[in-house]
Amino acid sequence: MTFTAVPLTLYPDMFPGPLGHSMAGRALESGTWNCAPVQIRDFATDRHRTVDDTPAGGGAGMVLKADVLAAAIDHAVAAHPGLPLLAMTPRGTPITQARVRRLAAGPGAIILCGRFEGFDERIFEARAIEEVSMGDIILSGGEMGALLLLDACIRLLPGVMGAASSGDDESFENGLLEYPHYTRPVTWEGRTIPEVLRSGDHAKIAAWRKQQAEDHTRLRRPDLWERHEGARARPASGARRKEKD
């Protein structure tokens, strides 16, 4: 199965962009994934190819028109049936690594990229769209968020990272930030690689890395640490049933 990325955008030349290089670029060349951007402006019906209009009720900026968006979405859905439909928006549900893994395991995604002040709200009432966010930041448009999301998915596709276990210990995969890394030279500017990493004792190294990951998460991301501790404290469903019995 080839993972298919379908960005709906006013700037299709932004795709694949950086995803045409390195691991993602090689995967694109090999056919592991493909990119089929759709120009939203092609679905405007007036001679000026208008895609936006002033906000109802007044205010600054412009709003993407529901009729044009719907035509672009319907075209993409018909051309790529079975792909989930997402929209990049700051008010969307923050993307997690778990959601990325589910997307990467599927056939791809249609990703609606906003501009200006955003979308006419009626598009979300009329179409089944999952609103997603890449964080509490404001971008000039949804394209950069879509590129981030696609990069996160593509690196998980079979064969893209090489060894299947390459990403197992990375930040967020197990609910923790990743442990620190070192490489040669052993001493640099008076700073030395921790002795445990030079010991050859794999059990001690694993324990050190686990402790470092926990310490970094607790200090730098207390929100992640709280969720991680909460998950560890919850009993398995079988254990809960046993307790109730």
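**Exercise 1. Place A213: is this residue buried or exposed, and what does it touch?**

Start with accessibility: A213 has a relative accessibility of 6%, so it counts as buried. This is a predicted model, by the way, so read every value here as computed from that prediction.

Next, find the element. A213 sits in helix α6.

Then list the partners. Skipping neighbours within four places in sequence, A213 is in contact with L176, L177 and Y179.

Last, try a long-range check. A213 and P12 are 201 residues apart in sequence, and their C-alpha atoms lie 39 Å apart in space.

**Exercise 2. Take E214, next on the list: work out whether it is buried or exposed, and name its contacts.**

Step one: E214 belongs to helix α6.

Step two: the cut-off for buried is under 20% relative accessible area. E214 comes in at 9%, so this charged residue is buried.

Step three: leaving out residues up to four places away in sequence, E214 touches L176, W225 and R232. L176 should ring a bell, since A213 contacts it too.

**Exercise 3. Describe how α6 and α7 pack: what is the angle, and which residues make the contact?**

Get the geometry down before anything else. Helix α6 covers residues 202–220 and helix α7 covers residues 222–233. Their axes are 5 Å apart and cross at an angle of about 125°.

Now name the arrangement. Angles over 145 degrees would be roughly antiparallel, and 65 to 115 roughly perpendicular. The α6/α7 angle therefore makes α6 oblique to α7.

Go on to the residues. From α6, the contact uses K210, E214, T217, R218, L219 and R220. From α7 come P222, L224, W225 and R232.

Finish by sorting them into classes: the α6 and α7 contact has five charged residues, four nonpolar and one polar.

**Exercise 4. Stay on α7 and look at H228: which residues does it contact?**

H228 lies in helix α7. With 13% relative accessibility, H228 counts as buried.

For its contacts, set aside neighbours within four places in sequence. What remains is N174, G175 and L176. So where does L176 turn up across these exercises? It is a contact of A213, of E214 and of H228.

**Exercise 5. Map the largest nonpolar core: which elements feed it, and which gives the largest share?**

Begin with the hubs. The core has 27 residues, and W33, I111, L149, L150 and I154 touch the most other members.

Then go through the suppliers. At least two residues each come from β1 (3–9), α1 (22–30), β6 (85–94), α3 (97–104), β7 (108–113) and α5 (142–154). The largest share belongs to α5, with seven residues.

Zoom in on one hub. Not counting residues up to four places away in sequence, L150 touches F3, A5, F15, L19 and I111.

Before you leave, note that there is a second, separate core of 23 residues, with L83, L85, I123 and F124 among them.

**Exercise 6. UniProt lists G114: for what feature, and what surrounds this residue?**

First the record: an unreviewed UniProt entry lists G114 under "binding site".

Then the location: G114 lies in the loop between β7 and α4 (122–126). Its relative accessible area is 9%, so G114 is buried.

Finally the surroundings: apart from neighbours within four places in sequence, G114 is in contact with L64, M88, F119, G141, G142 and E143.

**Exercise 7. Hunt for backbone oddities: where are the cis peptide bonds, and which residues have positive phi?**

Cis bonds come first. The bond from F15 to P16 is cis, with omega near 0°, and P16 is in the loop between β1 and α1. The bond from R184 to P185 is cis as well, with omega near 5°. P185 is in the loop between α5 and β9 (187–188).

Now phi. S22, a residue other than glycine, has a positive phi near 55°. S22 lies in helix α1 and is exposed, at 52% relative accessibility.

E189 is another non-glycine case, with phi near 50°. E189 is in the loop between β9 and β10 (191–192), and its relative accessible area of 59% makes it exposed.

Methods
Residues are numbered from 1 along each chain as its sequence is written. This is a predicted model: local features need pLDDT of at least 70, side-chain atom pairs count only at pLDDT 80 or more; totals for chains, interfaces and linings use all residues. Side-chain values use heavy atoms; hydrogens and water are left out. Axes are lines fitted to C-alpha atoms, for helices over the stretch in contact, and angles run from 0 to 180 degrees between N-to-C directions. Helices (H or I, at least four residues) and strands (E, at least two) are DSSP runs, numbered from the N terminus. Angles under 35 degrees count as roughly parallel, over 145 as roughly antiparallel, 65 to 115 as roughly perpendicular and the rest as oblique. Contact means heavy atoms within 4.5 Å. Buried means under 20% relative accessible area, exposed over 50%, partly exposed in between (1.4 Å probe, protein chains only). A nonpolar core is a set of buried Ala, Val, Leu, Ile, Met, Phe, Trp, Tyr and Cys residues joined through side-chain atoms within 4.5 Å. UniProt positions are given in the numbering used here, feature names are shortened, and annotations may be inferred rather than shown by experiment.
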